[in-house]
Amino acid sequence: CHAHTFAGLNLFRRQTMTLKNFILTAFLAVMTACNPGVFVNDIGPSAKELTFSAAGETKEIRFNSSDWGIIEVRAGMNVLNVTVYPDNDEPFTTTFPKLYGTGRIIVDFGDGSEWKIVRPTGKSMVITSGRNNMSYYRCFSIILSNNVSQESIDILQKSGSPDADGTGPVPIELNDDQDNDQTPSCNIYQI
């Protein structure tokens with residue numbers, strides 16, 4: 001009888017441990033269930049278009065995630081050199097700036113206007129425009145990317161010498177569509 005008691009007790013303990021393991025496994029499975037939001041970080045900039053005054057100013061963009069990098073700054077066909085200052089690396093001059101961590105990019109348009117694109121934290125970018133003394137609007141885009149998606153921040157800076165009515169220069173056509181809307185023209189650069 002004593003042997004049956006120990007055998008029954010051992011069976012009870014094994015079933016109890018199995019039940020405990022099952023409950024623990026189920027709990028962990030529920031806690032670590034596949035959640036697409038965990039793996040896909042939306043870049044989510046707070047603005048996709050910014051307009052700057054001709055006098056120059058500073059604007060900040062906030063992001064949903066810190067999982068992004070600046071992969072390109074571009075506008076048109078002309079190429080300009082920019083200088084990239086990564087916080088944890090040596091600065092370098094390039095025509096294809098890349099900044100994946102914190103740091104800054106200095107864009108020199110060659111007309112005395114210097115722009116600073118700063119990533120002070122993972123979830124913010126601060127853009128400081130130089131003065132636009134030219135008779136044209138300045139346009140360019142900052143291209144951001146992570147492993148899943150790509151976003152574009154379009155930048156427009158007003159002309160330093162607007163028309164008498166203050167609307168800026170007559171638009172130029174950038175494609176074959178013939179429309180007569182009053183969008184500003186931009187001096188085109190490839191940065």
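This is a short tour of a predicted model, with a suggestion at each stop of what to select and what you will find there.

**Stop 1: the open sheet**

Start in cartoon view and colour six strands in the order β2-β8-β7-β6-β4-β5. Together they make an open sheet with antiparallel pairing. Now look at β2 (58–62) and β5 (92–94): each has a single partner strand, so these two stand at the edges and one side of each is left without a neighbour in the sheet. As you step across the sheet, the twist from one strand to the next averages 20 degrees.

Stay here and zoom in on β7 and strand β8 (residues 124–128). The two run antiparallel and are joined by four bridges. Select Thr 121 and you will see Ser 124 of β8 opposite.

**Stop 2: a parallel pair**

Next, select strand β1 (residues 49–52) together with strand β10 (residues 150–157). Which way do they pair, parallel or antiparallel? They pair in the parallel sense, over four bridges. To find one of the partnerships, pick Glu 49 in β1 and Asp 154 in β10, which are bridge partners.

Show the side chains of β1 as well. Leu 50 and Phe 52 make up the covered face of the strand, while Glu 49 and Thr 51 are on the uncovered one.

**Stop 3: the aromatic cluster**

Keep Phe 52 selected and add Phe 109, Trp 115 and Phe 140: ring pairs link these four residues into a cluster. The model has five aromatic pairs in total. For a closer look at one of them, take Phe 109 and Phe 140. Their ring centres are 5.6 Å apart and their planes meet at 50 degrees, so the pair counts as tilted; edge-to-face would need an angle over 60 degrees.

Where along the chain do Phe 109 and Phe 140 sit? Phe 109 is in the loop between β6 (103–108) and β7 (114–121), and Phe 140 is in strand β9 (residues 137–145), so the pair links distant parts of the chain, 31 residues apart. Switch on a surface and check both: Phe 109 is buried with a relative accessible area of 3%, and Phe 140 is buried at 2%.

**Stop 4: charges over rings**

Two arginines are worth a visit here. Select Arg 104 with Tyr 85, and you will find the charged end of the arginine over the tyrosine ring, 4.1 Å from its centre. Then move to Arg 119, which lies over the face of Trp 68 at 3.7 Å from the ring centre.

**Stop 5: two buried serines**

From Trp 68, go to one of its contacts, Ser 145. This serine belongs to strand β9 and is buried, with 17% relative accessibility. Its side chain reaches the backbone oxygen of Ser 149 at 3.4 Å. Beyond its sequence neighbours within four places, Ser 145 is also in contact with Ile 43, Gly 69, Ile 71 and Gln 150.

Finish at Ser 159, in the loop between β10 and β11 (186–187). Is Ser 159 buried or exposed? At 6% relative accessibility, Ser 159 is buried. Draw two distances from its side chain: one to the backbone oxygen of Met 134, at 3.3 Å, and another to the backbone oxygen of Ser 135, at 3.5 Å. Leaving out residues up to four places away in sequence, the residues Ser 159 touches include Ala 54, Asn 132, Tyr 136 and Tyr 137.

Conventions. Residues numbered from 1 in each chain as written. Predicted model: local features only at pLDDT ≥ 70, side-chain atom pairs only at ≥ 80, totals over all residues. Heavy atoms only, no water. Buried < 20%, exposed > 50% of the residue type's maximum accessible area, 1.4 Å probe, protein only. Pairing = 2+ DSSP bridges. Phe/Tyr/Trp six-rings, centres within 6.5 Å; stacked < 30°, edge-to-face > 60°. Lys NZ or Arg CZ within 6 Å of the ring centre and 35° of its normal. Axes fitted to C-alpha atoms, helices over the stretch in contact; angles between N-to-C directions. Polar contact = N/O pair within 3.5 Å; in protein donor to acceptor, adjacent residues only side chain to side chain. Contact = heavy atoms within 4.5 Å.
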